[in-house]
Amino acid sequence: MVITPTLSYLLSSSPQCYFAAVDMAVSLPESTNPTTTTQNSEESFSSCPFKLQKPPHLTDYLPDLKSYTNQLDNNPFYHPTDGFYLTHSDIILRQIIIDLSGTFSSGASQFVYHRAGPRQQIFFDPSSTRVAIVTCGGLCPGMNTVIRELVVGLWELYGVRQIYGIVAGYRGFYSREPTELNPKLVHDWHKKGGTVLETSRGGFDLHKIVDSIQSRGFNQLVSLLVGCPNKYEQVYIIGGDGTLRGAVKIFDEICRRKLNIGVAAIPKTVDNDVGIIDKSFGFQTAVEMAQQAINAAYVEAESAVNGIGLVKLMGRSTGHIALYATLSSRDVDCCLIPETEFYLEGKGGLFEFLEKRLKENGHAVLVVAEGAGQDMIPRTDAQKEERDESGNPVFLDVGAWLKSELRNWWSRDHPNDLFTVKYIDPTYMIRAVPANAMDNLYCTLLAHSAIHGVMAGYTGFVCGPINGNYAYIPLKEVAEAKNEVNVMDHKWAWVRSVTNQPDFVRK
């Protein structure tokens, strides 16, 4: 997008002119010179209200880095057409909904990001590029799809032949031998759940990891630049929020050592709690699988006298799976998520609500995210201090606790009446399944976006969709952001209207 003086004037005028300016900017032709430099194209943003969140580039600390013409020019099956290559002027708005009255703050309405996709100039020679792919943290539908598409995309699009999988997460960099990957080997990986490369939590030793990346090989291009050979020019890290924080440290150390190594992260968390991007891969599959658990709970509850079907879904700090599964199912009577508090006893409490539902319908279905109500569960001092290998607090089983509390409540208040609670925890069933069709497609687009970005010299970035368009987002920005359920917006109001559950605010 090119900002002209006229366009700049419109952008500084009224909100109506702002939208007119955006429309004009999108339709303006790009520079006739497809190799417009970063400096020139990004200077055009100085006279407009947009704040470009620029991803780091290898030339930021290696200014003399050699560039190459994109290999796609010679690819007979992927030959670019006019306008195929993106430039630094192609941007994506983070905020597309703006209150024209000015009553409500638009927050990040000025933030824009570089659009993901192929560039005409690349900064890696595919014939000598060596790639590392690592998966970290918990399982998620689509992990194998991302690995497969990274391998196939690097091999078929850019002609990269040295691609390695790091086994067993971060610790695999320094404790295991890497696995050489090729399209034939990964051909059917997208049909498998989990990760063939294996994963683990913890094991993050920054200097061991970067030392291993730097010392494992014979990269001539990098040795000429920094005086020591490097095994990997490109590192693709697939993981959730904890993994992304580790990726930031790896990227910072690589920058400090001035290594010619591109680092790209692909956000993986089934909870969908990664900030800025529209959603993380595997989330749609998780919601779809959650439906099966809710359906089973409904059948069990409906088939019993005073039956309650209790389903615990994934969601440590956010309740997106529980929310979307509730909206999709329409059989849920109450949805409890970490972003809202609830209480059991008294007027407006959960017990009063469920008793009313049981009298009306004879059954009820209760969905709870794993992070909901954790402050209500009794625990010892030792349990309060307990942490997992990633440093996260260890949560107690809110589903088992709720089941016990429900039984105690009913036996106390209705000792002579039948009552049944069927508790279903589909956590590992949801995590371990292969990705569905939409997530498989999504994983492919993420992988290809990452490949194009790293080959173009971008580093320390996350690729993901913003308002439906794929962008390159600085890794540090994503690692610090959080995607929580906004209980003040329309989606949560929709949940309340579907379930008719109380707001759990003590009067």
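Here are three short exercises on this predicted model, each with a worked solution.

**Exercise 1.** Find the residues that UniProt marks as "binding site", and work out why they gather at one spot.

*Solution.* Start with the record: an unreviewed UniProt entry places the feature "binding site" at Gly138, Arg201, Gly202, Gly240, Asp241, Gly242 and Thr243. Next, look at the sequence, where they span 106 residues. Then turn to space: no two of their C-alpha atoms are more than 13.0 Å apart, so they gather at one spot.

**Exercise 2.** Decide whether Gly242 and Thr243 are buried, partly exposed or exposed.

*Solution.* First, locate the pair: Gly242 is in helix H8, which covers residues 241-256, and Thr243 belongs to helix H8 too. Now recall the cut-offs: buried means under 20% relative accessible area, and exposed means over 50%. Gly242 has a value of 33%, so Gly242 is partly exposed. Thr243 has a value of 8%, so Thr243 is buried. As a last step, see what surrounds Thr243: beyond residues up to four places away in sequence, Thr243 touches Cys136, Gly137, Tyr170, Ile237 and Ile238.

**Exercise 3.** Describe the largest nonpolar core, and follow Leu150 into it.

*Solution.* Begin with the count: this core has 110 residues, and Ile133, Leu150, Tyr236 and Phe281 have the most contacts inside it. Helix H4, residues 143-158, gives the most to this core, with 9 residues. Now take Leu150: setting aside neighbours within four places in sequence, Leu150 contacts Ile133, Tyr236, Ile238, Ile266, Ala447, Ala450 and Ile451. Finally, look elsewhere: a second, separate core has 26 residues, including Leu350, Leu366, Trp410 and Val421.

Note on methods
Residues numbered from 1 in each chain as written. Predicted model: local features only at pLDDT ≥ 70, side-chain atom pairs only at ≥ 80, totals over all residues. Heavy atoms only, no water. UniProt positions renumbered as here; feature names shortened; annotations may be inferred. Helix = DSSP H or I, 4+ residues; strand = E, 2+ residues; numbered from the N terminus. Buried < 20%, exposed > 50% of the residue type's maximum accessible area, 1.4 Å probe, protein only. Contact = heavy atoms within 4.5 Å. Core = buried A, V, L, I, M, F, W, Y, C linked by side-chain atoms within 4.5 Å.
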